[in-house]
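Q: Got a minute to go through the charged pairs in this one? I'll start with exposure and work back to the contacts.

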Amino acid sequence: MGKLKALSLFSGCGGMDLGLQGGFNYLDNNFKKLSVDILLAVDHDPYAVKIYNENFSHECILKDVKDLEHT
């Protein structure tokens, strides 16, 4: 089975996305890497997007979700 594909709307700093992807340690617990690809991450707060982009290899875009176009 291939990777699960996800969209991250209202991404904030990326806490939920980190949980989706796994591959981190927290409070002496190891959370294994999961098979999830985040195809698009969007938030309208420039500070949150800056922090998100400092912590993930994929980019979060600064945009209002109302302005997203369906393709």
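Q: Glu54 first: buried or exposed?
A: Glu54 is exposed, at 53% relative accessible area. Keep in mind that this is a predicted model.

Q: What does Glu54 form a salt bridge with?
A: With Lys50; the closest N and O atoms are 2.5 Å apart.

Q: Where do those two lie?
A: Lys50 and Glu54 are both in helix H2, residues 46–55. They are four residues apart, about one turn of the helix.

Q: And how does Lys50 count for accessibility?
A: Lys50 counts as partly exposed, because its relative accessibility is 49% and the exposed class starts over 50%.

Q: OK, the overall tally. How many salt bridges?
A: Three.

Q: Which residue pairs with Asp37?
A: Lys3, with a closest N to O distance of 3.5 Å. That pair links distant parts of the chain, 34 residues apart: Asp37 sits in strand S4 (residues 36–43), and Lys3 in the segment before strand S1 (4–9).

Q: What are the accessibilities there?
A: Asp37 has 31% relative accessibility and is partly exposed. Lys3 is partly exposed too, at 47%.

Q: Now Lys66. What is its partner?
A: Asp64. The closest N and O atoms of Lys66 and Asp64 are 4.0 Å apart, and the cut-off is within 4 Å.

Q: How exposed are Lys66 and Asp64?
A: Lys66 is exposed, with a relative accessible area of 70%. Asp64 is partly exposed, at 30%.

Notes: Residues are numbered from 1 along each chain as its sequence is written. This is a predicted model: local features need pLDDT of at least 70, side-chain atom pairs count only at pLDDT 80 or more; totals for chains, interfaces and linings use all residues. Side-chain values use heavy atoms; hydrogens and water are left out. A salt bridge is a side-chain nitrogen of Lys or Arg within 4 Å of a carboxyl oxygen of Asp or Glu. Buried means under 20% relative accessible area, exposed over 50%, partly exposed in between (1.4 Å probe, protein chains only).
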